[in-house]
Amino acid sequence: MNFDINNLYLPDLYRNAIEKGKDRTFAIYQNVDGTRKNYTYKDIQIESDKLIEKLEKAGLRKGDRVGVISSLRPFWHALHYVCLRKGYIMVCIDPGVPAKQLQNMLLQTEVRAVFTTLKTIHLPEELDKHIPVYSIDKGFPLISKCDKIDVLLGESHRLPQDTFYILFSSGTTSENRKAVLISHSTITTAIEYALNKDTGVYKKAPCYVHNEKALTLFPPYHIAGLLCISYHFFDFTKTIMLERLTPNSLVSALQDLKPDCICTVPSMLSSLYKKIVSGYSGNLLTKSYVNNALAISGFLRKNFGINAGKLLLKKINKQAFGGNMKTFMIGASPIDVKTNKFFLDMGINVIMAYGLTELGAPIATTGLGYYPGTAGRVMRHTDKIDIRITNPDESGRGEVEVLSPFRMISYLYKKDNVGCFTDDGYFKTGDLGYFDENKCLNICGRIKESIVLKNGEKLLPEEIESKYQGITQVKDLAVFKVPGEGG
């Protein structure tokens with residue numbers, strides 16, 4: 001699929017996908033009881049038409065903010081399309097945030113309607129019984145007593161014209177999340193260079209690989225999840241969605257539906273790696289074969305680009321993932337080298353992408369390269385993207401600063417913008433990293449989480465955690481700094 005970036009417009013992309021998709025399945029939704037249902041592109045058109053009529057009667061107007069407190073659901077796309085068509089702004093919020101923090105987020109973004117996957121939601125007093133609340137389900141049923149926006153609430157403050165999303169940065173803790181204004185153009189640019197075969201890290205090797213069926217575990221309130229489900233929708237990939245992520249539901253989806261891609265975070269990949277290794281380690285003959293096969297396939301892939309692992313370790317792929325697994329698309333945090341290398345040697349592509357909510361599109365990616373444990377190379381689809389390391393220590397580690405034309409419009413509160421950008425336009429990420437001999441970006445952790453010992457040596461929690469990752473007796477581990485006599 002090729003795009004002209006000058007002609008990209010999200011409503012048009014949706015309309016074209018729906019017209020071309022028609023009766024094709026775009027989502028396979030698995031309920032917690034194991035039952036499944038397929039949803040087609042035509043379903044999106046039907047549901048979005050109904051929802052527009054409902055929201056117009058509720059008094060929603062162009063520029064109004066819609067709170068979306070939701071896990072990934074098939075009709076998230078219908079709501080998304082409605083907001084595009086009518087000019088509503090989506091405020092995407094993690095349904096797992098504490099109730100008080102959720103209320104503050106809804107207040108500060110001045111929402112005029114809420115859509116949620118939660119069974120009950122406690123609105124702040126200023127909004128309770130004054131705005132409608134809907135379930136993200138077929139027909140978008142009303143779950144509040146109020147079915148119309150109270151006119152006394154008045155109009156929300158105006159935001160920049162191109163604003164479409166308000167996402168919240170993850171922050172170093174849940175207490176300091178900032179509201180980020182994201183434009184249409186940021187998302188369309190990400191879609192363009194991910195799906196266009198002539199862009200990405202290398203010519204003819206995009207950072208996004210076409211899939212038939214992708215199990216998506218990224219949430220839509222995360223920039224990575226937003227981009228992944230957009231890629232899949234416009235590329236006609238069937239997205240597998242789980243009502244609830246449990247060990248049984250995951251195994252069922254993998255073995256029955258046999259996806260060829262999983263979109264997830266590195267910690268999930270680490271858990272899968274440990275489970276696979278523990279499964280064959282008890283048999284010495286099997287363990288010996290797997291280790292030798294990994295060594296051979298790893299050597300061939302690293303040095304000659306030959307992917308022998310998909311044949312030598314085909315049985316493990318079938319037992320663990322159903323047999324069709326080709327790609328892991330991951331982001332949100334660094335991945336440990338051992339896990340990354342295992343799956344690359346096994347013949348599965350591990351496409352790591354580095355980006356931030358504030359920067360919208362991925363800035364660096366491994367693409368189809370063999371770069372275990374790294375965030376990959378800087379994406380050179382434009383000469384206006386750059387990454388530099390500032391104030392490096394003796395080992396070369398310093399703060400990662402990014403120059404990108406696709407960055408956020410701003411934070412919602414202008415005071416939050418202070419100190420975020422350098423005088424020459426680089427965004428100060430707060431991440432600690434360095435470039436290795438392959439010109440790949442390695443992310444070590446967050447600067448604020450750096451632990452300074454009495455002798456002045458600096459350690460990161462991730463470095464300590466990595467020492468325990470291979471120990472099966474350790475289920476959970478938390479590393480944090482405690483003030484001592486020396487500081």
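**Exercise 1. Pairing around β11**

In which sense do β11 and β12 pair, and over how many bridges? Extend the analysis to β9 and β10.

*Solution.* The coordinates are a predicted model.

Step 1. β11 and β12 pair in the parallel sense, over four bridges. Within this pair, I262 stands opposite F328 in β12.

Step 2. β9 and β11 also run parallel, joined by three bridges. Here L215 stands opposite I262 in β11.

Step 3. Strand β9 (residues 213–216) pairs in the parallel sense with strand β10 (residues 238–242), over three bridges. K213 stands opposite K238 in β10.

**Exercise 2. The whole sheet**

Give the strand order of the nine-stranded sheet and explain what sets its edge strands apart.

*Solution.* Step 1. The order is β2-β1-β10-β9-β11-β12-β13-β14-β15; the sheet is open and its pairing is mixed.

Step 2. The edges are held by β2 (36–40) and β15 (377–378). Each has a single partner strand, so one side of each lacks a neighbour in the sheet.

Step 3. An antiparallel contribution comes from strand β1 (residues 25–30) and β2, which are joined by five bridges. I28 stands opposite N38 in β2.

Step 4. The hairpin of β1 and β2 has five residues between the strands, and in it G34 takes a positive phi near 95°.

**Exercise 3. The two faces of β11**

Sort the residues of β11 by the direction in which they point, and state whether they are buried or exposed. Then identify the helix that lies across this strand.

*Solution.* Step 1. In a regular strand the side chains alternate between the two faces of the sheet.

Step 2. In β11, C261 and C263 point one way, while I262 and T264 point the other way. All of them are buried.

Step 3. Helix α8 (residues 266–280) lies across β11 (261–264), β12 (327–330) and β13 (349–354). Its direction is at about 125° to β11.

**Exercise 4. Helix α4 and its packing**

Which residues of α4 are buried, and which strands do they pack against?

*Solution.* Step 1. The buried residues of helix α4 (residues 99–108) are Q101, L102, Q103, M105 and L106.

Step 2. The buried residues of α4 pack against β3 (65–69), β4 (89–93), β5 (111–116) and β7 (163–168).

Step 3. Just after α4, E110 takes a positive phi of about 55°.

**Exercise 5. Positive phi in two phenylalanines**

Where do F140 and F236 lie, and why do they count as buried?

*Solution.* Step 1. Most residues other than glycine have a negative phi. F140 has a positive phi near 45°, and F236 has a positive phi of about 60°.

Step 2. F140 is in the loop between β6 (133–135) and β7. F236 is in the loop between α6 (223–234) and β10.

Step 3. The cut-off for buried is under 20% relative accessible area. F140 is buried because its relative accessible area is 1%. F236 counts as buried because its relative accessibility is 16%.

**Exercise 6. Two residues and their contacts**

Compare the surroundings of N211 and L312.

*Solution.* Step 1. N211 is found in the loop between α5 (184–195) and β9. N211 is buried, with a relative accessible area of 1%.

Step 2. Leaving aside neighbours within four places in sequence, N211 is in contact with H232, T237, D260, C261 and T327.

Step 3. L312 belongs to helix α10 (residues 309–312). L312 is partly exposed, at 31% relative accessibility.

Step 4. Not counting residues up to four places away in sequence, L312 touches Y289, A293, I296 and S297. L312 and V290 are 22 residues apart in sequence, with their C-alpha atoms 8.5 Å apart in space.

**Exercise 7. The second largest pocket and the chain as a whole**

Describe the lining of the second largest pocket, then give overall values for the chain.

*Solution.* Step 1. The second largest pocket has a volume of about 820 Å³. Of the 31 residues that line it, S71, L72, R73, L242 and E243 lie nearest its centre.

Step 2. The lining of this pocket has 17 nonpolar, seven polar and seven charged residues.

Step 3. The protein chain has 13 helices and 22 strands. Of its 487 residues, 52% count as buried.

Step 4. Among contacts in the protein chain with a separation of 6 or more, 62% are between residues 24 or more positions apart.

Technical notes:
Residues are numbered from 1 along each chain as its sequence is written. This is a predicted model: local features need pLDDT of at least 70, side-chain atom pairs count only at pLDDT 80 or more; totals for chains, interfaces and linings use all residues. Side-chain values use heavy atoms; hydrogens and water are left out. Two strands pair if DSSP finds at least two bridges between them. Contact means heavy atoms within 4.5 Å. Axes are lines fitted to C-alpha atoms, for helices over the stretch in contact, and angles run from 0 to 180 degrees between N-to-C directions. On a 1 Å grid over the protein atoms alone, a cavity is a set of points where a 1.4 Å probe fits but cannot get out, and a pocket is an open set with protein on both sides within 12 Å along at least five of seven lines; lining residues have an atom within 4 Å of a point. Grid points are joined across faces, edges and corners, and a volume is the space filled by probe spheres set on the points. Ala, Val, Leu, Ile, Met, Phe, Trp, Tyr, Cys and Pro count as nonpolar, Asp, Glu, Lys and Arg as charged, and the others, Gly among them, as polar. Buried means under 20% relative accessible area, exposed over 50%, partly exposed in between (1.4 Å probe, protein chains only).
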